[in-house]
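Work through the exercises below with the sequence and the coordinates open side by side. Each task is followed by a solution that proceeds in steps.

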Amino acid sequence: IKGVYYLAQAIKLVAEKIPDLVCVMCGNMDGDRESEKIRDFIRENELEKHIRLDGFIKNTLLGPYLSACDSLVLPSLMEATSISMLEAMTVGRPVIGSRVGGIAETVIEKETGILVRPADPGDLARGIMDFWEMDNRELMGVNAKKRTEEFTWRNIALKTAEFYRGLIASK
């Protein structure tokens, strides 16, 4: 459901145009069929210099990992509100993500990131290339960081209270 195989396919397309591209895939990548399928795809397409499988990242290293990236790519097929997405945006990293669930609700097109069709490696490659060619990538990061302010516990509590006040007032 995370769409990582589609990301590997997209990286193959993008690497043809950006020869020094490196995609670092993080998260649990051990022991399931999808992981083996991705490893096989990387080997078969000689993408070892473009795709690194770093696995699970300790919380203490998460900040440095995200800060070293240009963006977070989140090719999920379904997703609620992604903590990974919010963590990346909090450190000023735009998100290139599938137009599903919480990603589509959080990412503002070409303002805080780029949205792409889910399960479509070609469109994901297009989104990565569009991002790479943008002049305002740093501004997107600034906007992404500002956007996360809406998701603080304080703001969520205020919005929840406002919602319930509206329900009570409508009776």
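The exercises that follow concern a predicted model, and they go from the whole chain to single residues.

**Exercise 1. Describe the order of helices and strands in the chain, and its overall extent.**

Solution. Begin by counting the elements: the chain has eight helices and five strands. Next, read them from the N terminus, where the order is α-β-α-β-α-β-α-β-α-β-α-α-α. Then turn to the dimensions, for which the C-alpha trace spans about 65 × 40 × 30 Å along its principal axes. Finally, consider how the chain is connected in space: among contacts between residues at least 6 apart in sequence, 56% join residues at least 24 apart.

**Exercise 2. Characterise the surface of the chain and its charged side chains.**

Solution. Start with burial, since 39% of the 171 residues are buried. The chain exposes about 10,300 Å², and carbon and sulfur atoms supply 55% of that area. For the charges, count 23 positive and 26 negative side chains, and note that the centres of these two sets lie 5 Å apart.

**Exercise 3. Identify which residues of the largest nonpolar core touch the most other members, and which elements contribute to this core.**

Solution. The core holds 27 residues, of which Met25, Ile38 and Ile51 touch the most other members. Two or more residues each come from helix 1 (4–15), strand 1 (23–26), helix 2 (33–44), strand 5 (113–116) and helix 6 (121–133). Helix 1 gives the most, with seven residues. Now take Ile38 as an example: beyond its neighbours within four places in sequence, Ile38 is in contact with Val4, Tyr5, Ala8, Met25, Met29 and Leu53. Apart from this core lies another, of 12 residues, which includes Leu74, Met85, Val100 and Leu115. As general background, nonpolar side chains in soluble globular proteins tend to be buried together.

**Exercise 4. Decide whether Leu124 is buried or exposed, and list its contacts beyond four places in sequence.**

Solution. First locate Leu124, which is found in helix 6. Its relative accessibility is 3%, so Leu124 counts as buried, the cut-off being under 20%. Leaving aside neighbours within four places, Leu124 is in contact with Tyr6, Leu7, Ala10, Val73, Pro75, Ile96 and Val116. One of these partners, Tyr6, is 118 residues away in sequence, yet the two C-alpha atoms are 7.9 Å apart in space.

**Exercise 5. Explain why the buried residues of helix 7 can be assigned to the same side of the helix.**

Solution. List the buried residues of helix 7 (residues 137–147), namely Met140, Gly141, Asn143, Ala144 and Arg147. These residues cover an arc of only 165° around the axis, and therefore they lie on the same side of helix 7. As a check, look at the face turned away from the buried side, which carries the exposed residues Glu138 and Lys146. Last, find the packing partners of the buried residues, which are helix 4 (83–90), helix 5 (101–106), strand 5 and helix 6.

**Exercise 6. Determine where His50 lies and whether His50 is buried or exposed.**

Solution. His50 lies in the loop between helix 2 and strand 2 (51–55). With a relative accessibility of 6%, His50 counts as buried. Leaving aside neighbours within four places in sequence, the residues in contact with His50 are Ile11, Ala15, Ile18, Pro19, Leu21, Val22 and Cys23.

Conventions:
Residues are numbered from 1 along each chain as its sequence is written. This is a predicted model: local features need pLDDT of at least 70, side-chain atom pairs count only at pLDDT 80 or more; totals for chains, interfaces and linings use all residues. Side-chain values use heavy atoms; hydrogens and water are left out. A nonpolar core is a set of buried Ala, Val, Leu, Ile, Met, Phe, Trp, Tyr and Cys residues joined through side-chain atoms within 4.5 Å. Buried means under 20% relative accessible area, exposed over 50%, partly exposed in between (1.4 Å probe, protein chains only). Helices (H or I, at least four residues) and strands (E, at least two) are DSSP runs, numbered from the N terminus. Contact means heavy atoms within 4.5 Å. Accessible areas come from the Shrake-Rupley method with a 1.4 Å probe; for residues, only the protein chains shown count as cover. Lys and Arg count as positive and Asp and Glu as negative; His and the chain ends are not counted. The place of a charge is taken as NZ of Lys, CZ of Arg, CG of Asp or CD of Glu. The arc is that of the directions from the helix axis to the C-beta atoms.
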